[in-house]
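User: Please take a close look at the annotated active site of this protein. I would like to know where its residues sit and what surrounds them.

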Amino acid sequence: MPTIYYIRHGKTEWNADGRFQGLQDIPLNDLGRAEAVKAGDILHELFARDGRDPSGLAFVTSPLVRARGTMELMRGVLSLPPHDYAVDDRLREVGYGHWEGMTLAQMQAAHPDVFAAREVDKWSVAPPGGESYASATSRLRDWYHSLKSGTVAVAHSGTARALMVVLGLQAPEDAASLRIEQGAVYVFGEDGLAKYT
């Protein structure tokens with residue numbers, strides 16, 4: 001199993017407002033940029049501890065600007081060329097369809113029946129015009145099986161949950177509500193999952 005160093009993008013203004021972003025291309029805010037630097041510092045410490053040369057790892061990100069910005073700041077901390085990384089659309093966030101830009105209260109008011117169904121089965125029920133976690137799991141499985149070596153990945157909370165299910169580390173019903181922290185590094189390896197903050 002290749003080791004995956006997984007980082008959720010730093011905060012955006014929509015995160016701060018409690019608005020769901022999905023596929024909307026919202027940039028990092030000041031706190032998000034600080035969280036990206038913090039994640040880079042954590043990676044630097046982990047690589048030093050484990051005797052890993054970061055230049056021997058693959059670096060890949062979601063195409064969304066909040067993930068790319070996080071990757072570029074992290075690579076700067078690691079003294080690597082900021083823009084020398086791959087972009088993989090399979091790492092994009094789970095699409096929230098008509099709910100993108102809304103808060104939870106607005107989602108419930110706009111589509112009460114779908115909102116209620118998702119409260120019962122958040123994993124399988126998709127937002128109106130959006131994507132379910134179950135659907136996202138298939139693209140994350142495909143991404144995982146394409147890895148050739150240790151990889152640093154910057155993506156999203158939804159894709160982190162899907163990857164945990166793909167690797168058998170969480171049951172779908174538990175993963176759907178799991179909090180994925182910003183500014184942290186999640187390491188998926190032979191021994192399971194470890195989080196560093």
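Analyst: What follows goes through the annotated residues in turn, then a neighbouring side chain and a pair of helices. The model is predicted.

The UniProt record, an unreviewed entry, places the feature "active site" at His9 and Glu93. These positions are spread over 85 residues of sequence, yet they cluster in space, with a largest C-alpha distance of 10.5 Å. Both His9 and Glu93 belong to the lining of the largest pocket.

His9 sits in the loop between strand S1 (4-8) and helix H1 (13-17). Its relative accessible area is 1%, and because buried means under 20%, His9 counts as buried. Beyond its neighbours within four places in sequence, His9 is in contact with Asn15, Gln21, Arg66, Ala67, Thr70, Val154, Ala155, His156 and Gln182. With one of these, Arg66, the contact is polar: the two side chains meet at 3.3 Å.

Glu93 lies in another setting, the loop between strand S3 (86-87) and helix H4 (104-110). Its relative accessibility is 7%, so Glu93 is buried as well. Leaving aside residues within four places in sequence, Glu93 is in contact with Gly22, Leu23, Leu64, Arg66, Glu131, Arg139, His156, Ser157, Gly158 and Thr159. Arg66 and His156 are among the contacts of His9 and also among those of Glu93.

Gln21, one of the contacts of His9, is placed in the loop between H1 and helix H2 (30-50). At 6% relative accessibility, Gln21 is buried. Its side chain makes a polar contact with the side chain of Thr12, at 2.5 Å. Not counting residues up to four places away in sequence, Gln21 touches His9, Thr12, Trp14, Asn15, Ile26, Arg66 and Glu100. Arg66 therefore appears here too, as a contact of the buried Gln21.

The contacts of Glu93 include Arg139, Gly158 and Thr159, which brings in a pair of helices. Helix H6 (residues 133-145) and helix H7 (residues 157-166) pack with their axes 8 Å apart and at an angle of about 70 degrees. Angles of 65 to 115 degrees count as roughly perpendicular, so H6 is roughly perpendicular to H7. On the H6 side, the contact is made by Tyr133, Ala136, Thr137, Arg139, Leu140, Arg141, Trp143 and Tyr144. On the H7 side, the residues are Gly158, Thr159, Arg161, Ala162, Leu163, Val165 and Val166. Arg139 of H6 and Gly158 and Thr159 of H7 thus take part in this packing, and Glu93 is in contact with these three residues.

Notes. Residues numbered from 1 in each chain as written. Predicted model: local features only at pLDDT ≥ 70, side-chain atom pairs only at ≥ 80, totals over all residues. Heavy atoms only, no water. UniProt positions renumbered as here; feature names shortened; annotations may be inferred. 1 Å grid on protein atoms, 1.4 Å probe; cavity = no way out; pocket = protein on both sides within 12 Å on 5 of 7 lines; lining within 4 Å. Helix = DSSP H or I, 4+ residues; strand = E, 2+ residues; numbered from the N terminus. Buried < 20%, exposed > 50% of the residue type's maximum accessible area, 1.4 Å probe, protein only. Contact = heavy atoms within 4.5 Å. Polar contact = N/O pair within 3.5 Å; in protein donor to acceptor, adjacent residues only side chain to side chain. Axes fitted to C-alpha atoms, helices over the stretch in contact; angles between N-to-C directions. Parallel < 35°, antiparallel > 145°, perpendicular 65-115°, else oblique.
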